[in-house]
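Student: I am new to this structure and would like to learn what its labels mean. Could you show it to me and take my questions one by one?

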Amino acid sequence: MSSYREVAAQIAAQIRAGRWSPGERLPTHRALAAECGIAVATATRVFTELQRLGLAVGEPGRGTFVRDRSIRLVPAEYGPGPDTVSADLSVTQPMSPRRAELLRGALRDLAGAGDLDALLRQQPPGGRPRDREVAAAFLAQRGIDADPDRIFLTGGVQHGLDLIVRSVLAPGDVVAVDALTYPGFKMLAQAHRVELAPVPVSPTGPDLAALAELCRRRRVRAVYSMPTLHNPLGWVLDDAAREHLVAIARTHDLLLIEDASYAFLAAPAPAPLVSRAPERTYWLSSLSKSVAAGLRFGMLVAPPSGRNVLKYAVRVAMASPPGLVAAVATRWLADGTVTALEAASRRAAEQQQRVLRGELAGLDVIAHPRSYFAWLSVDPLQRMDRVAAELSRRGVRVSTADIFATTAHVPHGLRIAVGSPAPADLPDALAAVRSAIDAVPLG
């Protein structure tokens, strides 16, 4: 009788060779047992092994399906990784559970609703009025009072940032950013020939005195900020720092671009910049971090003076979320599903951070207690690239500081994401991080 490993290896080879297509249902446990002459319990172990290898996904009550491996976990900007990955600590993934089950129910509800054809038509630029009203009601619960006409529905934060850059910035404009900041904004600035002026940072926030001095010396057009759970340092600016930042913006007539991608993890938090300076703040967030990376639905709030120019940029791009995506997203915004999934993600992130603090105790780690990631400083004599290379050799991906840095001098650090590994796998992944640091010699 074949062992479960032998049978799993045979099916794995068939999947890799294309014998089974992504999304195709694999045989039932009983059918596989009968076909291979093994016990049903052994067949169960076969499917468990296929899932461990990342080749299959099980759905309770429906069966086991071939996983679509064409969807990489690692965005291209994070660079190539090893062919065999035992742990991916380079990307942030929503920790909200039951998403597939919730989506199945939402699609059933939509199928029973009227005028489905409307979801297949081109949506109005910025979203349908009713959808924007739902978004406005959702944001009002979070202290953001915005007229629906100032809300634009987007395909995510990156899409929203692109619309802002296109509509209110010009080539050669200077935007102040943190010395470590979101890589996606760096890419946009380069693509649109916008100059980024770095502001020194500490574990608790940007050096606002340095920002004020920068604005006195140079003509700065805008500030890009993540005041509520910064990526990658995890800070949450307090009320005093937010008021100081707003005062600098008003003194020097700066636009504020407030990226709230991870703000839900820090709830409750101080009031956002957009509620303190609505006349000059572009606020944006999405469901990609709180619900699902593939649910490309974002919300952008424009200041009253920027509404019309942003409308033009949206019309030029004919940009709005697909009707089906918007229908699912706004349904979940309205019925409390998003709020519940955000709470579940906070609880899961808090648990993962506790594991991280235990496994990396004694190392120089900066992290918010409910963040999807942590910042690990590396001794310059070891060099972060050598540590990352050692981890890659062991099948572990991490993100290095050069991805986030906006300064010529790049600090030696790694961002460690805790959301991708399963809770049971995280301790081993973090143990590999500690072991790699110990293995790389100084000098």
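**Labels and their cut-offs**

Tutor: Let's begin with L103, which counts as partly exposed because its relative accessibility is 36%. Buried means under 20% relative accessible area, exposed over 50%, and partly exposed in between (1.4 Å probe, protein chains only). This is a predicted model, in which local features need pLDDT of at least 70 and side-chain atom pairs count only at pLDDT 80 or more, while totals for chains, interfaces and linings use all residues. Residues are numbered from 1 along each chain as its sequence is written, and side-chain values use heavy atoms, with hydrogens and water left out.

Student: Where is L103 found?

Tutor: L103 belongs to helix α4, residues 99-111. Helices (H or I, at least four residues) and strands (E, at least two) are DSSP runs, numbered from the N terminus.

Student: What makes D335 partly exposed?

Tutor: The relative accessibility of D335 is 47%, so D335 counts as partly exposed. D335 is found in helix α12, residues 323-335.

Student: Is D131 buried or exposed, and why?

Tutor: D131 has a relative accessible area of 5%, and therefore D131 is buried. Its salt-bridge partner is R128, which counts as partly exposed because its relative accessibility is 25%.

Student: Why is the contact between D131 and R128 called a salt bridge?

Tutor: A salt bridge is a side-chain nitrogen of Lys or Arg within 4 Å of a carboxyl oxygen of Asp or Glu. For D131 and R128, the closest N and O atoms are 3.1 Å apart, so the pair fits that definition.

Student: What makes R354 and E350 a salt bridge?

Tutor: Their closest N and O atoms are 4.0 Å apart, so this pair also counts. R354 and E350 both lie in helix α13, four residues apart, about one turn of the helix. R354, with a relative accessible area of 42%, is partly exposed, and E350, with 32%, is partly exposed too.

Student: How do you know that R383 and D385 meet in a salt bridge?

Tutor: The N to O distance between the side chains of R383 and D385 is 2.7 Å, so the pair meets the cut-off. A search of the whole structure finds 21 salt bridges.

Student: Which residues are joined into one network?

Tutor: R250, D253, E279 and R280 are joined, through salt bridges that share partners.

Student: What makes an empty space a cavity or a pocket?

Tutor: On a 1 Å grid over the protein atoms alone, a cavity is a set of points where a 1.4 Å probe fits but cannot get out, and a pocket is an open set with protein on both sides within 12 Å along at least five of seven lines; lining residues have an atom within 4 Å of a point. A search of the whole structure finds one cavity of 30 Å³ or more. The largest cavity has a volume of about 80 Å³, and its lining includes A176, D178 and Y224.

Student: And how big is the second largest pocket?

Tutor: The second largest pocket has a volume of about 470 Å³. It is lined by 27 residues, and those closest to its centre are R142, A263, F264, A267 and W283. At least two lining residues come from each of α5 (129-140), β11 (281-286) and α13 (337-359).

How values were computed: Points joined across faces, edges and corners; volume = space filled by probe spheres on them.
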